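Work through the following exercises with the coordinates open beside you, and try each task before reading its solution.

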Amino acid sequence: MIAKDFFIYLFIMAGITYLIRVLPFVTFKKKITSRFVRSFLYYVPYAVLGAMTFPEILYSTGNYVSAVAGLIVACILAFREKSLLTVAIFACVAALVINLIYIAIS
Amino acid sequence: MTNFIKGLKDGIPIALGYVSVSFTFGLQAVSLGLSWWEAALISLTNLTSAGQFAGLDIMARGGGFWIEMLCTQFIINLRYSLMSLSLSQKADQNLKGIHRWLTGFGITDEIFAVSMKNTDDISSKYMYGIILLPVLGWTGGTLMGAIAGSILPSVVISSLGIAIYSMFIAIIIPPAKKDSAVFKVVLISVALSCILKFTPLLNNISSGFSIIICTIIAAVIGAIFFPIKEEKE
């Protein structure tokens, strides 16, 4: 990507993200009372993360088998409420082990 | 000054968590063709996780997808407007004017959650304190990830590609265990995302718009069928 395109993207990303944060902070004094809007905003982060994770996680390691291994490990540890870092490290190690096995046998 | 110190202390665990997440961002950015300073500049100016990762996907396709970038960032980051609204209710008398324009930049999921929990009235000094270290951690972690991405062997890099997704899973599953409505909303969003990805014709929809569509439909269904109780915020 050329530098000009990068800076246009950067400007759009940083600008919109900043305005979303700061405009309600400097203007609104009252709480949002609409139960629908509050419920919608409550669910947005979870829906975003779900849509970003699946099915992309299956393509994240260059090999479906190692991706599924990492996914299973991540789900088990997350279900046990381990920290983000712990979950990530063990998922990566699981994927790495499978990837190394594939390299060794091929 | 004590408020500033208290903010700094509250920011330490957040900053440590950010180093690990932003490390994977730096890694991914370099693997998609960005340079280390571009990755660091994105982190320094955006200070957000999901939005930056989604932005990377769009950047990787080259220039021209300006509207898609704008819509994606808007939807993914819309939740911050609710947080900054809530935060504005707890701001003390000093946190106004220019201080709101400056500290508003640092409203993230974690900074919002910690500052709402740890203080009764939020002062501008507290906000500057709690924002400082997480910004450094987020940008520094990105730099480390970008540098690591240029020197680690390729099998390690591709295995680390799952790091960010496993962190997303670690964020989603604990609340989904406690709140079946969250679980259902996530399932709907995941199902829609897979349908859009694997159905002919629909798979022409780009990843950014796909995330927007899945998020809006799933969150609207959640809001209609499982409206939150007033104490959930």
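**Exercise 1.** Determine where A:Pro55 is found, and state which residue is joined to A:Pro55 by a cis peptide bond.

*Solution.* In this predicted model, A:Pro55 is found in the loop between α2 and α3 of chain A. The next step is to inspect the peptide bond that joins A:Phe54 and A:Pro55, which is cis, with omega at about 0 degrees.

**Exercise 2.** Find the salt bridge made by A:Glu56, and decide whether A:Glu56 is buried, partly exposed or exposed.

*Solution.* The search begins with the side chain of A:Glu56, which meets that of B:Lys197 in a salt bridge, with 3.5 Å from N to O. The next step is to place both ends: A:Glu56 lies in the loop between α2 (35–53) and α3 (64–79) of chain A, whereas B:Lys197 belongs to helix α11 (residues 180–198) of chain B, and the pair therefore crosses between chains. The last step concerns accessibility, where buried means under 20% and exposed means over 50%. A:Glu56, at 24% relative accessibility, counts as partly exposed, and B:Lys197, at 34%, also counts as partly exposed.

**Exercise 3.** State how many salt bridges the structure holds over all chains, and then describe the pair B:Asp10 and B:Lys6 and the pair B:Arg61 and B:Glu68.

*Solution.* The count over all chains is 5 salt bridges. As general background, side chains of opposite charge can pair when their charged atoms come close. Taking B:Asp10 and B:Lys6 to begin with, the closest N and O atoms of this salt bridge are 3.5 Å apart. Because these two residues are 4 residues apart in helix α1 (residues 2–31) of chain B, about one helical turn separates them. The accessibilities of the two partners are then read off: B:Asp10 is buried, with a relative accessible area of 13%, while B:Lys6 is partly exposed, with 32%. Turning to B:Arg61 and B:Glu68, their side chains meet in a salt bridge at 2.9 Å, N to O. Here B:Arg61 is partly exposed, with a relative accessible area of 35%, while B:Glu68 counts as buried at 6%. To complete the survey, A:Glu81, B:Lys177 and B:Lys178 are linked in a network of salt bridges.

**Exercise 4.** Give the domain assignment of chain B, and explain why the largest nonpolar core lies between the domains.

*Solution.* The assignment gives domain 1 (2–160) and domain 2 (179–225). Their centres, taken over C-alpha atoms, are separated by 25 Å, and 8 residues of domain 1 are in contact with 8 residues of domain 2. The next step is to examine the largest nonpolar core, which has 89 residues, and in which A:Tyr43, A:Met52, B:Ile42, B:Met59 and B:Ile130 touch the most other members. Both domains of chain B give residues to this core, so it lies between them. One of those members can be followed in detail: A:Met52 touches residues of chain B, including B:Ala50, B:Phe53, B:Ile76, B:Tyr165 and B:Ile211.

**Exercise 5.** Identify the element that gives the largest share of the nonpolar surface patch, and decide whether A:Val93 is buried, partly exposed or exposed.

*Solution.* The patch on the surface has about 1200 Å² of accessible area together, and its residues include A:Tyr59, A:Tyr64, A:Leu85, A:Phe90, A:Val93, A:Ile101 and B:Phe198. Sorting the patch by element shows that α3 and α4 (84–105) of chain A each give two or more residues, and that α4(A) supplies the largest share, with 8 residues. A:Val93 lies in this helix, α4 of chain A, and at 41% relative accessibility A:Val93 counts as partly exposed.

**Exercise 6.** Describe the backbone and surroundings of B:Leu47 and of B:Leu201, and decide whether each is buried or exposed.

*Solution.* B:Leu47 is not a glycine, although its phi is positive, at about 50 degrees, and its place is in the loop between α2 (36–46) and α3 (50–60) of chain B. With a relative accessible area of 2%, B:Leu47 is buried. B:Leu201 is likewise not a glycine and has a positive phi, of about 75 degrees, and B:Leu201 is found in the loop between α11 and α12 (207–225) of chain B. At 71% relative accessibility, B:Leu201 counts as exposed.

Notes: Residues numbered from 1 in each chain as written. Chains lettered and ligands numbered in written order. Predicted model: local features only at pLDDT ≥ 70, side-chain atom pairs only at ≥ 80, totals over all residues. Heavy atoms only, no water. Core = buried A, V, L, I, M, F, W, Y, C linked by side-chain atoms within 4.5 Å. Buried < 20%, exposed > 50% of the residue type's maximum accessible area, 1.4 Å probe, protein only. Domains from an automatic or database assignment. Contact = heavy atoms within 4.5 Å. Salt bridge = Lys/Arg side-chain N within 4 Å of Asp/Glu carboxyl O. Patch = residues over 30% accessible without salt bridge, like charges linked within 9 Å, V, L, I, M, F, W, Y side chains within 5 Å. Areas by Shrake-Rupley, 256 points an atom, 1.4 Å probe, with all protein chains shown as cover. Lists of a residue's contacts leave out its neighbours within four places in sequence.
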